[in-house]
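Please find below a colleague's note for discussion, set out as numbered points. Each point may be followed with the structure in view.

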Amino acid sequence: MEQKLVQHRRISINLHAKQLLEMIKRFFSTSAIRRAAVPPPESADVVVVGAGAIGCSIANFLLEMQPKLNVVVVEKDLNYKIASSVLSVGSIRQQFSEPVNIAISQFGVEFIRELAHDPETDVQFDEGGYLFLAQNKGKKQLEENVRLQQSLGSHVVHYGGHNGELSTKFPWLQTEDIEQSAFGLKDEGWFDPYTLTTALRRKAQDKGAIFMQGCVEEIGKKAEHVIISNTTNNNNNASIKIKCNNALVNAAGCWSSQLLSKMVGIDSDKANDLLPVHPRKRFVFVVHCPDKSLISPPVPLLVCPSGAYIRREGLPDRNLFLVGGMENAAGIDCNSNGTADELFVEHDHFENHLWPSIAYRIPAFENCKVKSSWCGYYDYNTVDQNGLLGKIFDDIPLYVATGFSGHGIQQSPAVGRGIAELILNNNQYQTLDLNDLNASRLQEGRYVIEKNIV
Ligand SMILES: Cc1cc2nc3c(=O)[nH]c(=O)nc-3n(C[C@H](O)[C@H](O)[C@H](O)COP(=O)(O)OP(=O)(O)OC[C@H]3O[C@@H](n4cnc5c(N)ncnc54)[C@H](O)[C@@H]3O)c2cc1C
C-alpha cells in the first residue's frame, strides 16, 4: 500500500513537472517574447511572406509534415491592423459552383470544428447555415449548383420559392418574388476570424516557426533571398537579408502583386499579368434590429438576389447582425492601393443600397439601427475571382497563395496544407488535388469561374 502511495506521488510530481515545462514552453513561445529573443536568421529552408491566415497555415502544415524544417514567416505588421484575415466576416460555406472550392471547404469545416473542440482555442463556430435565394433569372444556376453540392456529399437542400416551404421555414422573409432557395443544413456558418488566424500562428510557433516583423522590399531574381526593412529583430534599423534555401512563399494577400513587383526583373505591369490580385474595399455594418420574430427561427447567413448579405452576430437574442455586399451593384468595386488611409467606411452605401435591399427582403429591418462598421480589403483576383496557387515560374522555387476574392479565410486550412505538400513533395499535391487553382492557369487562358461569389 505504502509502495503504491509513493509511486502515485512520483507520478503526480512527474505530471506537475511536465505541466510546468509545458507552461514555460508556451510562455517563451508567445509572440512578444519570441520576437525580442530571436536574432534575425541568415537563412531559412522556407521563407513565407505574410502572416495572415494563409501564411500561418502554410507555416503550420510545413512543420507538421517536416518538424525539423527551418521556417521563417515575415510580416509587415504582427498586430494585423489592416490584414484581411482579421477584418473578414469569417464565414464558411459548401455552396460553391466549383468542385475544388467545395472540397476545400469540406476540409476547412473539419479543421475549424476540431479547433472549436480545443479548450485553448475558442473559435466560436456557429453552424448557422447559408440561405441562398434566387429569382427567376438565377433559378437554373442555383439548382445546378445544389445538384453538384449534393453529389459531392454536401448537406444542402431546396426550400423552394414563394410556393414552397421557404416562408414556413423563415416566416420573417419576404418571398413573393423568389423562385428557388438553397439552405445548408450542416457544415456552413461562421467563426471568429481573428481567433482562427492567431490559432494557426500559435500552432506554427509551437512547432518552431520563427515569426519576424518587417517589410519585404526585394526578392532575388531566382527567389534565392529576400531583403527586409523595418524589422524589429535587429537593433540598428538596417535592412537585413535572408537566404531562402528551398522555397519562398508569397502569401501577402491583397498586396501579393505589389510584392511580386519587388522581385528583381519584374515591374508592376508584369506582376499584374502574372498575379492580377488587387485590394478591393468591402464594407461591413453592424446593425441592431430589435424585432423578436428574428430570434426564432434565427437568421442564417442570407444571400439576397441583389447581392446583399446578412448574418446574425452572436446569440440570436442579441438581435445584432452583420450586413454587407453590393459594392459591385453600387459601382464602387474598384482597385485601390491597399493603404490604411483608404480604409474608411462610406456610410451612404448602407443608406442607399444595403438598407433598402435588406428591408425589402426582411421587412422587420425597416426599424434597424447601424451600431458600428468597418471595412477591409478583398484580395481580389480581377480575372476569375478564385485562388491562385503554386509556382508561377517552372524553374524558380517561388510559390504563391492568393487571390481568394472573399473566400480566403475558410480556404486557409486546405490551402496551407496544399502549399506545404507542393513544397515538400516535388510540386505534387498529396491529399486534396488543388491543381484546378494553379496560378499558371491564367497564362494558359484557363479560367475557373466561380458562379457563387458573395
Ligand atoms: C470585409 C471582408 C469580409 C470577408 N469575409 C470572408 C468570409 O466570410 N469568408 C471567407 O472565407 N473570406 C472572407 N474574406 C476574405 C478573407 O478575409 C481573405 O481572403 C483572407 O483573409 C486572405 O488571407 P491572407 O492571409 O492571404 O491575407 P491577409 O490576412 O491580408 O495577410 C497578408 C499579410 O501579408 C502582409 N504583407 C503584405 N506585404 C508584405 C510585405 N512586403 N512584407 C511583409 N508582409 C507583407 C500583410 O501585412 C498581411 O498581414 C473577407 C474579407 C473582407 C475584407
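1. The axes of helix α5 (residues 99–117) and helix α12 come within 7 Å and cross at roughly 100°. This is a predicted model, and the remarks that follow should be read accordingly. How are α5 and α12 oriented to each other? Angles of 65 to 115 degrees count as roughly perpendicular, and α5 and α12 are therefore described in that way. In general, two packed helices are described by the angle between their axes and the distance between the axes.

2. Which residues bring these two helices together? From α5, the residues are N101, I104, S105, F107, G108 and F111. On the side of α12, they meet Q410, Q411, P413, A414 and R417.

3. Q411, a residue of helix α12, deserves separate attention. Is Q411 buried or exposed? Its relative accessibility is 0%, so Q411 counts as buried; the cut-off for a buried residue is under 20%. The side chain of Q411 makes a polar contact, at 3.0 Å, with the side chain of N101. Apart from neighbours within four places in sequence, Q411 is in contact with N101, I104 and F404.

4. Helix α12 itself covers residues 408–424, which is 17 residues. From its first C-alpha to its last it reaches 23 Å, close to the 24 Å expected at 1.5 Å a residue. Where is the kink in α12 centred? The kink is centred on A414 and amounts to about 40°. A414 is also one of the α12 residues that meet α5. The helix is mostly covered, with 16 of its 17 residues buried.

5. The backbone on either side of α12 calls for comment. Most residues other than glycine have a negative phi, and most peptide bonds are trans. S405, in the loop between β18 (398–402) and α12, has a positive phi of about 50° although it is not a glycine. S405 is buried, with a relative accessible area of 1%. Just after α12, N426 takes a positive phi of about 55°. N427, in the segment after α12, has a positive phi near 65°. N427 is partly exposed, its relative accessible area being 34%.

6. A further backbone feature concerns a peptide bond. The bond joining S296 and P297 is cis, with omega of about -5°. P297 is placed in the loop between β12 (277–288) and β13 (301–303).

7. Helix α11 (348–361) may be examined in the manner used for α12. It has 14 residues and reaches 19 Å from its first C-alpha to its last, close to the 20 Å expected at 1.5 Å a residue. At L354 the helix bends by about 45°, and a proline, P356, follows within four residues. Which residues of α11 are buried? They are H349, F350, L354, S357, I358, A359 and R361. The elements covering these buried residues include β4 (130–134), β12, β13, β14 (308–312), β15 and β16 (369–381).

8. The last point concerns C334, in the loop between β15 (320–325) and α11. C334 is partly exposed, with a relative accessible area of 48%. How far apart in space are C334 and C304? Their C-alpha atoms are 22 Å apart, and the two residues are 30 residues apart in sequence. Leaving aside neighbours within four places in sequence, C334 is in contact with P279 and R280.

Technical notes: Residues are numbered from 1 along each chain as its sequence is written. This is a predicted model: local features need pLDDT of at least 70, side-chain atom pairs count only at pLDDT 80 or more; totals for chains, interfaces and linings use all residues. Side-chain values use heavy atoms; hydrogens and water are left out. The expected span of a helix is 1.5 Å times one less than its number of residues. The bend at a residue is the angle between axes fitted to the seven residues ending there and the seven starting there. Buried means under 20% relative accessible area, exposed over 50%, partly exposed in between (1.4 Å probe, protein chains only). A polar contact is a pair of N or O atoms within 3.5 Å; within protein, one must be able to donate a hydrogen and the other to accept it, and residues adjacent in sequence count only if both atoms are side-chain atoms. Contact means heavy atoms within 4.5 Å. Axes are lines fitted to C-alpha atoms, for helices over the stretch in contact, and angles run from 0 to 180 degrees between N-to-C directions. Angles under 35 degrees count as roughly parallel, over 145 as roughly antiparallel, 65 to 115 as roughly perpendicular and the rest as oblique.
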